[in-house]
Amino acid sequence: MDITAREVMATRFSTLSPRMTIGEACRVFQKAGEEHQQIVFGMVVTDQAGQLLGMLSMYDILLLIRPKHIHIWGEIKDVDVSGILDAALTRARSMLVSDIMTTDLLTITPDMHLLRIIDIMIKKHVRRLPVLEDGKMVGMVYLSQVFQHLLERGSE
Amino acid sequence: MQVSNRQNVMKDLTVKEAMRRLIINLAAEATLEEAIRYAIKYKVNAILITDPNQVAVGVVTKTDLMGAYYAGLPLSTPAASIMVGPPLFCHLDDSLDAALDRMRTHKIHRLYVREAAAPQAVGVLAYPDIVGLLYRYCHQCDRNLRRDTEEAEHLLADRVRLREVMTPGVFALGADDSLLQVMEGLAAHKFGALLITGEDGAPAGVISKTDLIVAYLHGVPPEAPAKTVMTKEVAACDYHDILINALRRMIFSDVSRLFVFRDSPGHIVGVFSLSDATRFRSGTCRACVSSRIRPH
């Protein structure tokens, strides 16, 4: 039997609102992690009608926190930088999800074959793909779940 | 780290030692909205616009994005329509001296880097990249008179006062002046940020180009008063303060410039930029290439 996105996608997924602050988004990440009992590394951003607007990943947040002149102060030995992480987090908290979310997204449909999904994930270096049906988001395929599925099939 | 013993260490340094390999680029059909998100997220002043073969066709800077805001262009406008191109390149093995001269000749703040055989960019070289590398090397320079002292760095930073390295004078606008006036002020003076004063003339905030493009993204009308988008914290240091405190403040506030006050925080007398800081720290020698870097 051929496996498609429908069989491997998660149909329960948390979403972010574009007007949330990064601080609020971090709390949603934490809550989602507790619910799913695993660290959540990325989340979709949707409008009130459930339309997909973008994606916010751990990488997006790390980029925001990284000081712009880190390459220079890394060379300086005599500057006391204690507390700089708190300062960076304070600045990042007030930014909006819509300010830094990725909008150039790859999406798939529920009937896409598992091997094609793997191909996209490898070629495009993505770990998660939103699944759209008639323009509405119906699920999310995670690389970890794809691999888990392959492990289960491989060990049969 | 390779240490040079030559009189001018810069002669030994090449572009590939100073450049960043992470190039922030977008396709020509990307919108201004996407370009602004990239500038905010990656904290860069310029985005390279590339064709489907990853060949560079132009550059969109924060100044260009601010210009689009000023002109009232919709955020859905293709970034390619405001880009400046083609971008200027240097080569991996060019000397930093040659690259810096090219930047000065063309009055630009960055060069993209490519290998001789391929048209694609492999890196980008901007002033902060150069000054970062200079800092590492400057203490080996023959003209750094304190290079043999173990505590040279500490002593230098503790000795130097901001008043010696700041750029005197400041241009400010009022909190009720429009964002359009702020953009005109930034463009006319080629500043990255502008001081905003309250009714009493005291510093009330700062508006940077980043603040303006965020306002553009959020749909704030350009006729809105400066106070609606200004950052209320004025990152500033005392005129008599030592250099090390100013550097720490700059790093903590994640800004490229500080305002300098004298006697009281309400009396701003100058601006101190990252380029000023690094030029001085690396440039006990005037001959050093860093002394030719101009603040921006």
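Reader: What distance separates the centres of domain 1 of chain B and domain 2 of chain B?

Author: In this predicted model, the centres of the two domains of chain B, taken over C-alpha atoms, are 24 Å apart. Domain 1 covers residues 9–135, and domain 2 covers residues 162–282.

Reader: Which residues have the most contacts inside the largest nonpolar core?

Author: The general idea comes first. In soluble globular proteins, nonpolar side chains tend to be buried together. Here the largest nonpolar core holds 106 residues, and those with the most contacts inside it are A35(B), I47(B), L65(B), L125(B), L194(B), I207(B) and V260(B). Both domain 1 (9–135) and domain 2 (162–282) of chain B contribute residues to this core, so the core lies between them.

Reader: With which residues is I47(B) in contact, leaving aside its neighbours within four places in sequence?

Author: For this purpose, a contact requires C-beta atoms within 7 Å of each other. By that criterion I47(B) touches I24(B), N25(B), L26(B), A35(B), Y38(B), A39(B) and V60(B). V60(B), in strand β3, is also the bridge partner of I47(B).

Reader: How many of the residues of strand β2 of chain B are buried?

Author: The count of neighbours decides: a residue is buried if 20 or more other C-beta atoms lie within 10 Å of its own. In β2(B), residues 46–50, five of the five residues are buried, and the strand is mostly covered. One may then look at the two faces of the strand. A46(B), L48(B) and T50(B) point one way, whereas I47(B) and I49(B) point the other way, and all are buried.

Reader: In what sense do the partners of β2(B) run, parallel or antiparallel?

Author: Each partner should be taken in turn. Strand β1 of chain B, residues 25–27, runs parallel to β2(B) and is joined to it by three bridges; within this pair, L26(B) stands opposite I49(B). Strand β3 of chain B, residues 56–61, pairs with β2(B) in the antiparallel sense over five bridges. The connections can be read as well. Together with helix α2 of chain B, residues 32–42, strands β1(B) and β2(B) make a right-handed β-α-β unit. β2(B) and β3(B), by contrast, form a hairpin with five residues between the strands, where Q54(B) in the turn has a positive phi of about 65 degrees.

Reader: What is the order of the strands in the three-stranded open sheet of chain B?

Author: The order is β8-β9-β10, with mixed pairing. β8 (172–174) and β10 (203–208) of chain B each have a single partner strand, so one side of each is left without a neighbour in the sheet. Direction ignored, neighbouring strands of this sheet are turned by 35 degrees against each other on average.

Reader: Why is β9(B) described as largely enclosed by the rest of the structure?

Author: Burial is again the evidence: five of the five residues of β9(B) are buried, so the strand is largely enclosed. A193(B), L195(B) and T197(B) point one way from β9(B), L194(B) and I196(B) point the other way, and all are buried. The chain reaches β9(B) from β8(B) through helix α8 of chain B, residues 179–189, and this β-α-β crossover is right-handed.

Reader: Which residues of β9(B) have named partners across the sheet?

Author: On the side of β8(B), the pairing is parallel over three bridges. There, I196(B) stands opposite L173(B), and T197(B) is the bridge partner of G174(B). On the side of β10(B), the pairing is antiparallel over five bridges, and L194(B) is matched with I207(B). The hairpin of β9(B) and β10(B) has five residues between the strands, and G201(B) takes a positive phi near 85 degrees.

Reader: Which strands are the edges of the open sheet of four strands?

Author: The sheet has the order β7-β13-β12-β11 in chain B, with mixed pairing. Its edge strands are β7 (167–168) and β11 (236–238), each of which pairs on one side only. β11(B) pairs with β12 of chain B, residues 257–261, in the parallel sense over three bridges, and F261(B) is the bridge partner of D238(B).

Reader: Which residues of helix α10 of chain B are buried?

Author: In α10(B), residues 243–253, the buried residues are L243(B), I244(B), A246(B), L247(B), R248(B), M250(B) and I251(B). Just after this helix, D254(B) takes a positive phi of about 55 degrees.

Methods: Residues numbered from 1 in each chain as written. Chains lettered and ligands numbered in written order. Predicted model: local features only at pLDDT ≥ 70, side-chain atom pairs only at ≥ 80, totals over all residues. Domains from an automatic or database assignment. Buried ≥ 20, exposed ≤ 12 C-beta atoms within 10 Å, placed from the backbone. Pairing = 2+ DSSP bridges. Core = buried A, V, L, I, M, F, W, Y, C linked by C-beta atoms within 7 Å. Contact = placed C-beta atoms within 7 Å. Right-handed = clockwise from strand over helix to strand, strands pointing away. Axes fitted to C-alpha atoms, helices over the stretch in contact; angles between N-to-C directions.
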